[in-house]
Amino acid sequence: MTKVELGPDGKPVVPAHVLDAVRTLIEWTGEDPAREGLLDTPKRVARAWKEYCSGYADDPSLHLSRTFEEVGGYDEIVLLRDIPFQSHCEHHMAPITGKASIAYLPKDRVVGISKLARVLNGYARRLQVQERLTAEVAKCIWDNLQPHGVAVVIDAQHGCMTGRGVRTPGVGMVTSRLLGSFLEDQSSRKEVLSLMGY
Ligand SMILES: [Zn+2]
């Protein structure tokens, strides 16, 4: 985990070599980093990237440390559907925008539902590939809640595909990771995927 030094304005201090790196990149695009409109851009870009990648300063498992055991005998699926998120691909640092559905079948304990979204963001706000993001979210819930089953399905668009390369806007990539009963039991799997809308 990395700690960010904050300046008097409460925003991250950007070291000179980071500002230089952004200026170099601007120059590489064909622009003039000394142009008036671009003077403060290196600082803004650097701070924006600290925010896009704030997951490195987050330990997502901590969001699952507070659980509730009083669930009134509830032993059915808990699902948070279509959680919007943004990440960045580790190959191009281009945006990945999409939605995730996260479900688990509790064994004795549950977490506050917003915590599942926090776990997602803890991993999404890093440089990622969608397959690993899907697997990391599932594993974190599996390891920390020790439920009967976990299902994570992510549907996302990749800026590196829509804005460059083959330029195919509107194409979504779907990845899933099923663990425990959702993996082993055909009817549980069908039930969770249909609740998710798949
Ligand atoms: Zn990419």
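Start by selecting alanine 100: leaving aside residues up to four places away in sequence, it touches Leu80, Arg81, Asp82, Ile83, Phe85, Leu120, Val153 and Ile154. The model on screen is a predicted one. Alanine 100 sits in strand β2, which covers residues 95-105. With a relative accessible area of 1%, alanine 100 is buried, because buried means under 20%. Now add alanine 117 to the selection. From C-alpha to C-alpha, alanine 100 and alanine 117 are 8.9 Å apart in space, and 17 residues separate them in sequence.

Next, go to aspartate 82, one of the residues that alanine 100 touches. Aspartate 82 belongs to strand β1, residues 78-89. Look at its backbone: phi is positive, about 55 degrees, although aspartate 82 is not a glycine. Its relative accessibility is 36%, so aspartate 82 counts as partly exposed.

Then select the zinc ion. Which protein atoms are its donors? They are SG of Cys89, ND1 of His92 and SG of Cys160, and they lie 2.2 to 2.3 Å from the ion. Along the chain, the donors of the zinc ion follow the spacing C-x2-H-x67-C. Is cysteine 89 buried or exposed? Cysteine 89 counts as buried, its relative accessibility being 4%. Histidine 92, by contrast, counts as partly exposed, at 41% relative accessibility.

Move on to the helices. Select helix α3, residues 114-124, together with helix α4, residues 130-145. Two packed helices are described by the angle between their axes and the distance between the axes. Here the axes of α3 and α4 come within 9 Å and cross at roughly 135 degrees. That angle makes α3 oblique to α4. The crossing in which α3 passes α4 is right-handed.

Show the side chains where these helices meet. On the α3 side, choose Leu116, Val119, Leu120, Tyr123 and Ala124. On the α4 side, choose Leu133, Glu136, Val137, Cys140 and Ile141. Sorted by class, the contact of α3 with α4 has nine nonpolar residues, one charged residue and no polar ones. Leu120 appeared at the opening stop too, among the residues that alanine 100 touches.

For the last stop, select glutamine 146, which is in the loop between α4 and β4 (149-158). What is phi of glutamine 146 near? It is near 45 degrees, a positive value in a residue other than glycine. Glutamine 146 has a relative accessible area of 48% and is partly exposed.

Note on methods: Residues numbered from 1 in each chain as written. Predicted model: local features only at pLDDT ≥ 70, side-chain atom pairs only at ≥ 80, totals over all residues. Heavy atoms only, no water. Axes fitted to C-alpha atoms, helices over the stretch in contact; angles between N-to-C directions. Helix = DSSP H or I, 4+ residues; strand = E, 2+ residues; numbered from the N terminus. Parallel < 35°, antiparallel > 145°, perpendicular 65-115°, else oblique. Left-handed = near helix turned anticlockwise from the far one by under 90°. Contact = heavy atoms within 4.5 Å. Nonpolar A, V, L, I, M, F, W, Y, C, P; charged D, E, K, R; others polar. Donors = N, O, S within 2.8 Å, 3.2 Å for Na, K, Ca; no water. Buried < 20%, exposed > 50% of the residue type's maximum accessible area, 1.4 Å probe, protein only.
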